[in-house]
Amino acid sequence: MQQLHQHWGGLLARGIAAIIFGIIAFVVPGFTLSILAYLIGIFFMLDGIIALLLGASARSQEFLLEGVVGLAVGFLLFFFPQQSVSVFFLLVAFWALVTGLIEIMAAVKLREYIRGEFWLFLAGIVSVLFGVVVFFNPLMTAVLMTMFLGVYALFFGVLVSLLALRVRSHHTPTKTKKKK
């Protein structure tokens, strides 16, 4: 960390990149949403694969169904982002509603076998509530998410750039030996 001042340019580049992304999020929100579609598509596909594996090993129809839904929605978001971006948040709402209902059903079934199924039930309730909010306000959700990312990136970029300039001006004092 003492030699960080020699690499202040890397910090500044990182800050500038974040500022540029923040500006893009405000100026071209459709581009930002396309990137989000790719990333969330990857997440949904990975989550779907894990749910399928869990459903197959546990012989759970609920997790198998959840895996199929996750894979299907993730596939659409990842491989057809331009077409999907217009319905992106409706797909997210659909995914959250379906997986939430499946989680609630699984929690009820799981109740016969273990205690603590409440956490899965609660996760299902949260998923359903999130899905309902997004379903009835998809445009507001998209705008808010893009704006949030933009604001975060701008603040992060400015702060890291300021840190870079501060580090650049910092000089490590030379150590002096004590005389005995």
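This passage describes the fold of a predicted model and then several of its residues in their surroundings.

The secondary structure of the protein chain amounts to 7 helices and 0 strands, and the elements, read from the N terminus on, follow the order α-α-α-α-α-α-α. The radius of gyration of the protein chain is 23 Å, well over the 16 Å that the globule rule gives for 180 residues, so the chain is more spread out than a compact globule. Taken along the principal axes, the box filled by the C-alpha atoms of the protein chain is roughly 75 × 50 × 25 Å. Of the 180 residues, 32% count as buried, and the accessible surface of the protein chain comes to about 12,100 Å², with 75% of that surface belonging to carbon and sulfur atoms. Among the contacts in the protein chain with a separation of 6 or more, 73% are accounted for by residues 24 or more positions apart.

The charges of the protein chain were considered next. There are 12 positive and 6 negative charges, and the mean positions of the two groups are 37 Å apart. Side chains of opposite charge can pair when their charged atoms come close. A search of the whole structure finds 1 salt bridge, in which the side chains of Glu-62 and Lys-109 meet at 3.0 Å, N to O. Because Glu-62 lies in helix α3 (residues 61–79) and Lys-109 in helix α5, the pair ties together parts that are 47 residues apart in sequence. The two partners can also be described by their accessibility: Glu-62 is buried, with a relative accessible area of 13%, whereas Lys-109 is partly exposed, with a relative accessible area of 44%.

A further acidic residue, Glu-103, is placed in helix α5, which spans residues 88–110. Glu-103 is buried yet has no salt bridge, and the nearest side chain of opposite charge, that of Lys-109, is 15 Å away. As a salt bridge requires a side-chain nitrogen of Lys or Arg within 4 Å of a carboxyl oxygen of Asp or Glu, the separation of 15 Å between Glu-103 and Lys-109 does not qualify as one. When neighbours within four places in sequence are left aside, the residues in contact with Glu-103 are Glu-66, Leu-120, Ala-123, Gly-124 and Ser-127.

Helix α6, comprising residues 118–136, holds Phe-130. At 42% relative accessibility, Phe-130 counts as partly exposed, and, apart from neighbours within four places in sequence, Phe-130 is in contact with Val-92 and Ala-96. Phe-130 and Leu-120 are 10 residues apart in sequence, and their C-alpha atoms are 15 Å apart in space.

In helix α7, which covers residues 138–169, the residue Thr-146 is found. With a relative accessibility of 2%, Thr-146 counts as buried. Once neighbours within four places in sequence are set aside, Thr-146 is in contact with Ala-25, Pro-29, Thr-32 and Leu-33. Thr-146 and Leu-36 are separated by 110 residues in sequence, while the distance between them in space is 9.1 Å, C-alpha to C-alpha.

Two residues from the earlier part of the numbering complete the description. Ile-49 has its place in helix α2, made up of residues 29–58, and is partly exposed, with a relative accessible area of 39%. The C-alpha atoms of Ile-49 and Val-68 are separated by 8.2 Å, the two residues being 19 residues apart along the chain. Arg-59, in turn, is found in the loop between α2 and α3. The phi angle of Arg-59 is near 55°, a positive value in a residue other than glycine, and Arg-59 is exposed, with a relative accessible area of 78%.

Methods: Residues numbered from 1 in each chain as written. Predicted model: local features only at pLDDT ≥ 70, side-chain atom pairs only at ≥ 80, totals over all residues. Heavy atoms only, no water. Helix = DSSP H or I, 4+ residues; strand = E, 2+ residues; numbered from the N terminus. Buried < 20%, exposed > 50% of the residue type's maximum accessible area, 1.4 Å probe, protein only. Lys, Arg positive; Asp, Glu negative; His and termini not counted. Contact = heavy atoms within 4.5 Å. Rg over C-alpha atoms; globule rule 2.2 N^0.38 Å. Areas by Shrake-Rupley, 256 points an atom, 1.4 Å probe, with all protein chains shown as cover. Charge placed at Lys NZ, Arg CZ, Asp CG, Glu CD.
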